[in-house]
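Hi,

Here is the structure I promised to pass on to you. Please have a look, and then read on for my notes on charge pairs and backbone angles.

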Amino acid sequence: MGTLRLIPVALLASLIACSPAEKTEPVSVYPMGERVPVGHLAYTVFDRQWQNQLGAGVDARQPQNRFYLVRVNATNNSSDELIIPNTELVDDSGKTYPEETNGDGVQDWLGNTRQVAGSQTAQGYLLFDVPPKHYKLRVTGEENQHAALVDIPLSFDSDAPDIGTQFDVNKLPAKK
């Protein structure tokens with residue numbers, strides 16, 4: 001009697017094992033600065049900067065890690081008004097970080113509710129609070145259909161003061 005009960009379970013397991021695997025659409029990776037089409041939207045990431053705080057003085061916002069601002073254009077290639085979906089950063093280990101929902105202190109913040117009319121472009125900064133490392137920005141088309149990644153090179157240029165180097169390599173001490 002116990003063997004008869006196992007037959008339906010074994011049949012079900014074999015059907016599951018033989019069923020085709022879910023097909024996932026491959027996600028394309030684009031370099032920063034290149035136009036990234038996803039659905040009826042096209043994104044371009046053209047700037048990024050790290051910030052230790054937003055604002056100044058007693059009203060300055062402090063991040064948990066560091067603020068990372070990513071400047072994007074999002075163009076609506078349809079004739080209908082569309083909502084630009086939220087994005088996320090993906091680190092090299094696959095961990096994801098969502099956008100911040102509070103853009104206080106960010107000049108030209110893209111915002112939370114991002115509607116763009118047909119054949120128009122929205123432009124502004126996305127805000128993240130993340131540890132400083134290499135990321136890819138995951139963007140999606142309308143209604144989160146289709147996805148692509150934008151590879152953002154790791155750089156701290158915006159944090160480095162412009163001090164210039166004033167020394168003559170010919171006057172360095174000789175190696176012994």
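To start with one residue: is Arg71 buried or exposed? With a relative accessible area of 13%, Arg71 is buried, since the cut-off for that label is under 20%. Please keep in mind that this is a predicted model.

**Salt bridges**

The count for this model comes to 4 salt bridges, and I will go through some of them here. As background, side chains of opposite charge can pair when their charged atoms come close.

Arg71 is a good place to begin, as its side chain meets that of Asp108 in a salt bridge, at 2.6 Å from N to O. This pair links distant parts of the chain, 37 residues apart: Arg71 belongs to strand 4 (residues 66–76), while Asp108 sits in the loop between strand 7 (96–98) and strand 8 (115–116). Unlike buried Arg71, Asp108 counts as partly exposed, at 36% relative accessibility.

Next come Glu88 and Arg138, whose side chains form a salt bridge at 4.0 Å, N to O. Here the link runs between two strands, with Glu88 in strand 6 (residues 88–91) and Arg138 in strand 10 (residues 135–140), 50 residues apart. Glu88 is partly exposed because its relative accessible area is 22%, and a residue has to be under 20% to be called buried. Arg138 is partly exposed too, with a value of 32%.

Then there is the salt bridge between the side chains of Glu99 and Arg114, at 2.8 Å from N to O. Both partners lie in the loop between strand 7 and strand 8, 15 residues apart. How does their surface exposure look, buried or exposed? Glu99 and Arg114 are both buried.

**Backbone angles**

Which residue in the loop between strand 7 and strand 8 has a positive phi although it is not a glycine? That is Asp108, with a phi of about 70°. For context, most residues other than glycine have a negative phi. So Asp108 comes up twice in these notes, for this angle and for its salt bridge with Arg71.

His146 is another non-glycine residue with a positive phi, in this case about 60°. You will find His146 in the loop between strand 10 and strand 11 (147–152). His146 is partly exposed, given its relative accessible area of 41%, because that label covers values between 20% and 50%.

That is what I have for now. Happy to talk any of it through.

Best wishes

Terms used
Residues are numbered from 1 along each chain as its sequence is written. This is a predicted model: local features need pLDDT of at least 70, side-chain atom pairs count only at pLDDT 80 or more; totals for chains, interfaces and linings use all residues. Side-chain values use heavy atoms; hydrogens and water are left out. Helices (H or I, at least four residues) and strands (E, at least two) are DSSP runs, numbered from the N terminus. Buried means under 20% relative accessible area, exposed over 50%, partly exposed in between (1.4 Å probe, protein chains only).
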